[in-house]
Amino acid sequence: MKTINSISLLLTIILVGAVFSMNTYAGNPVKDTKYPYHAKQIKQILEQNVKFPECGMTKSGQGIADVIFSIKEDGTLDIDEISANCKDLEVYVKEQLKKITIANVNHPAGQHYKITMIFING
């Protein structure tokens, strides 16, 4: 009986030790330093190049467009999905994004981005 209790205690200690040691690995993830600021840089490029449309496309002078895209090797945007609260705004944003080239920004190949563009007139 003492042997069974000793073995049970030993296995419990090993199991608890294994669980706590796994926690230390999860607490220190490997950081990718190759692309630390690419998302911020891409956002700034988009904000600088896509402005509120001059024509009154939206009711109440504001509009929202959600865009999912990736960046091709040549820096052009590959738009996977776009939706807006106004069809004209959707077309406008798509046309503007096609004109943009993301240059001099290291970005992971095949990375998809989702952005929400909010246009407020004024």
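Helices and strands here are DSSP runs, numbered from the N terminus. The model shown in every view is predicted.

**Figure 1. Overview of the chain.**
The secondary structure comes to three helices and three strands. From the N terminus on, these elements follow the order α-α-β-β-α-β. Buried residues account for 29% of the 122 residues. Take the contacts between residues at least 6 apart in sequence: 70% of them join residues at least 24 apart. The exposed area of the chain is about 9300 Å². Carbon and sulfur atoms supply 55% of that area.

**Figure 2. A nonpolar surface patch that includes Ile14.**
Ile14 lies in helix H1, which spans residues 2-26. Is Ile14 buried or exposed? Its relative accessibility is 51%, so Ile14 counts as exposed; the cut-off for that class is over 50%. Ile14 also belongs to a nonpolar patch on the surface, together with Ile7, Leu10 and Leu11. The patch covers about 410 Å².

**Figure 3. The largest nonpolar core.**
In soluble globular proteins, nonpolar side chains tend to be buried together. The largest nonpolar core of this chain holds 23 residues. Those with the most contacts inside the core are Ile42, Leu46, Val67, Phe69, Val93, Leu97 and Ile102. Which elements each supply at least two residues of this core? They are helix H2 (38-49), strand E1, strand E2 (77-84), helix H3 (87-99) and strand E3. Val93 shows how such contacts are spread. Leaving out residues up to four places away in sequence, Val93 touches Ala65, Val67, Ile82, Met117 and Phe119.

**Figure 4. Strand E3 and its pairing with E1.**
Strand E3 takes in residues 112-120. Tyr113, Ile115, Met117 and Phe119 make up its covered face. The uncovered face carries His112, Lys114, Thr116, Ile118 and Ile120. Two residues of the covered face, Met117 and Phe119, are among those that Val93 touches. Strand E1 (residues 62-71) and E3 run antiparallel, joined by nine bridges. Ser70 stands opposite His112 of E3. Ala65 stands opposite Met117 of E3.

**Figure 5. The E1–E2 hairpin.**
E1 and E2 are antiparallel as well, paired over seven bridges. The two strands form a hairpin, with five residues between them. Gly75 sits in the turn and has a positive phi of about 95°. Which residue of E2 is the bridge partner of Ala65? Ala84 is that partner. Ala65 therefore has a place in both pairings of E1: Ala84 is its partner in E2, and Met117 of E3 stands opposite.

**Figure 6. Surroundings of Glu81.**
Glu81 is in strand E2. At 49% relative accessibility, Glu81 counts as partly exposed. Setting aside residues up to four places away in sequence, Glu81 touches Asp66, Val67 and Ile68. One of these, Val67, is listed among the core residues with the most contacts. Glu81 and Phe69 are 12 residues apart along the chain. Their C-alpha atoms are separated by 7.0 Å.

**Figure 7. A salt bridge within helix H2.**
Side chains of opposite charge can pair when their charged atoms come close. How many salt bridges does the count come to? The count is two. One joins Glu47 and Lys43, with the closest N and O atoms 3.6 Å apart. Both residues lie in helix H2, four residues apart, about one turn of the helix. Glu47 counts as partly exposed because its relative accessibility is 46%. Lys43, at 49%, also counts as partly exposed.

**Figure 8. A salt bridge within helix H3.**
Lys87 and Glu90 meet through their side chains in a salt bridge of 3.3 Å, N to O. Why are Lys87 and Glu90 separated by about one helical turn? Because they are three residues apart in helix H3. Lys87 has a relative accessibility of 57%, so Lys87 counts as exposed. Glu90 is at 17% and therefore counts as buried; the limit for buried is under 20%. Beyond its neighbours within four places in sequence, Glu90 is in contact with Ile82, Ser83 and Ala84. Of these, Ala84 is the bridge partner of Ala65, and Ile82 is touched by Val93.

Notes. Residues numbered from 1 in each chain as written. Predicted model: local features only at pLDDT ≥ 70, side-chain atom pairs only at ≥ 80, totals over all residues. Heavy atoms only, no water. Patch = residues over 30% accessible without salt bridge, like charges linked within 9 Å, V, L, I, M, F, W, Y side chains within 5 Å. Areas by Shrake-Rupley, 256 points an atom, 1.4 Å probe, with all protein chains shown as cover. Salt bridge = Lys/Arg side-chain N within 4 Å of Asp/Glu carboxyl O. Buried < 20%, exposed > 50% of the residue type's maximum accessible area, 1.4 Å probe, protein only. Pairing = 2+ DSSP bridges. Contact = heavy atoms within 4.5 Å. Core = buried A, V, L, I, M, F, W, Y, C linked by side-chain atoms within 4.5 Å.
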